[in-house]
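Colleague: I'm new to this one and would like a close look at a single part. Please start with one charged pair and then walk me outward from there.

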Amino acid sequence: MSLLTDIQFAGRISVYVRNFKQKGDFIWNFSCPICGDSKKKRGKARGYLYRVEDRLLFKCHNCELPPMSLGRFFQQIDETLYKEYIVASAIERNKGRVGRPKKDWKEEIRDMDFSRPVVVVDPFAGLPTLSSLPDDHPAKSYIVNRKIPNSFLDVLLYAEDFAAVVDKWKPNGPSLVHEPRIIIPFRNRKRILAIQGRSLEPDAALRYITIKADDDTPKIFGLDRIDLTADRIYVLEGPFDSMFLPNALAMAGADLPKILPKHKTIVVYDDEPHNAEIVAKMDAAIRYGYRVCIWPRRQQHTGRKDINQMVLDGQTPEEIRQIIEENSYSGTAAKMWLTKWRRDDYERRTQQNRSNRNRIAGN
């Protein structure tokens with residue numbers, strides 16, 4: 001596409017969006033019409049057009065969609081504008097062609113079938129939800145036995161052939177084993193971000209397999225349900241753990257999402273003070289300014305390293321939520337409690353090892 005054509009069409013966006021403003025030679029800012037930006041604060045403007053080489057791209061810093069071409073953006077907001085843009089781009093492409101027969105731009109436009117809808121592959125079409133399966137089905141039994149809230153039985157799906165689902169969605173994606181898996185869909189309010197498959201085999205080499213839509217997609221579970229205006233937001237490690245708390249996300253190995261309001265977000269990692277990776281992530285979250293849950297000593301040493309295990313051992317989600325609220329810290333206090341959390345665990349394990357050695361020696 002031509003940069004000149006893109007610039008000519010950039011100004012026409014003003015009639016479709018709020019708060020349109022040109023902020024530089026090749027930068028336009030406005031309220032995103034795809035996600036609605038903010039219905040409570042109408043002055044919010046987090047959609048941008050910006051130059052990348054010889055074209056303009058659109059990016060919204062609220063709805064987490066990857067950057068898209070101007071044509072694709074027009075396709076999202078107005079069909080007539082999109083058609084006009086395609087025609088203008090075709091004319092521009094056919095100008096000044098040298099050394100080969102020029103294709104008439106009108107012929108090129110006639111070849112374009114605007115009546116044909118854009119094909120969006122739904123990898124979950126035809127897959128049963130866990131709620132629709134018989135109670136004795138292994139997939140449903142597994143989730144019920146883990147005491148996952150019943151409301152998520154309509155969210156989780158079952159695939160007899162996980163590899164076939166991924167192949168349908170990403171034909172050039174990774175080569176996977178054809179096996180049954182529970183499917184955990186990662187979505188925002190507009191599209192599928194990732195597909196996670198949970199094996200039903202207890203000794204599976206890969207219990208979880210996660211395939212992202214693309215490299216830049218945030219691998220975060222729960223973006224389709226999160227309410228950023230709520231008083232509290234919880235961020236956990238795994239999707240299953242996030243299902244026990246209200247208004248919760250799961251990072252699933254991803255970095256902390258930048259869109260979260262730090263003053264009302266609590267980051268909750270597993271209760272594993274001897275895990276260097278978890279400690280490093282907690283330290284990073286504290287440095288970024290988040291409140292972080294530092295599990296109290298009474299929770300430790302029980303084998304209950306995550307929220308799901310705590311529920312299986314008899315604690316209610318309400319009790320766990322209260323523990324999190326009462327033991328979350330930020331800033332200097334968080335750093336102090338993180339150090340104490342690690343030290344207490346080290347002392348406990350040292351004492352346990354000493355007792356084991358004495359018992360062996362006594363035998």
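Colleague: Which residue does the side chain of lysine 83 meet in a salt bridge, and what is the N to O distance?

Modeller: Lysine 83 pairs with glutamate 79, at 3.3 Å from N to O. A quick word on what you're looking at: this is a predicted model, where local features need pLDDT of at least 70 and side-chain atom pairs count only at pLDDT 80 or more, while totals for chains, interfaces and linings use all residues. Residues are numbered from 1 along each chain as its sequence is written, and side-chain values use heavy atoms, with hydrogens and water left out.

Back to your pair. A salt bridge here means a side-chain nitrogen of Lys or Arg within 4 Å of a carboxyl oxygen of Asp or Glu. Side chains of opposite charge can pair when their charged atoms come close. Lysine 83 and glutamate 79 are 4 residues apart in helix H3 (residues 79–93), so about one helical turn separates them. An α-helix has 3.6 residues a turn, so residues three or four places apart point the same way. Helices (H or I, at least four residues) and strands (E, at least two) are DSSP runs, numbered from the N terminus. As for the surroundings, lysine 83 is partly exposed, at 29% relative accessibility. On that scale, buried is under 20% relative accessible area, exposed is over 50%, and partly exposed is in between (1.4 Å probe, protein chains only).

The whole structure holds 9 salt bridges, so let's put two others beside yours. Arginine 225 pairs with aspartate 224, with their closest N and O atoms 3.5 Å apart. Arginine 225 is partly exposed at 34%, and aspartate 224 is partly exposed at 27%. Then there's arginine 232 with glutamate 325, at 2.9 Å from N to O. That pair ties together distant parts of the chain, 93 residues apart: arginine 232 sits in the loop between strand S9 (208–212) and strand S10 (233–236), and glutamate 325 in helix H10 (residues 317–326). Glutamate 325 is partly exposed, with a relative accessible area of 29%.

For a contrast in setting, try glutamine 196 in strand S8 (residues 192–199). Glutamine 196 is buried, at 5% relative accessible area. Its side chain makes a polar contact of 2.8 Å with the side chain of threonine 210. A polar contact is a pair of N or O atoms within 3.5 Å; within protein, one must be able to donate a hydrogen and the other to accept it, and residues adjacent in sequence count only if both atoms are side-chain atoms. Leaving out residues up to four places away in sequence, glutamine 196 touches several others, including Phe162, Ile183, Tyr208 and Pro239. Contact means heavy atoms within 4.5 Å.

One more helix is worth a look. In H5, Ala139, Lys140 and Ile143 are buried. Seen down the axis of H5, these buried residues fall within an arc of 95 degrees, so they line one face of the helix. The arc is that of the directions from the helix axis to the C-beta atoms. They pack against S6, strand S7 (181–187) and helix H7 (239–242). The face turned away from the buried side of H5 carries the exposed residues Pro138 and Asn145. After H5 comes lysine 147, with a positive phi near 60 degrees, although lysine 147 is not a glycine.
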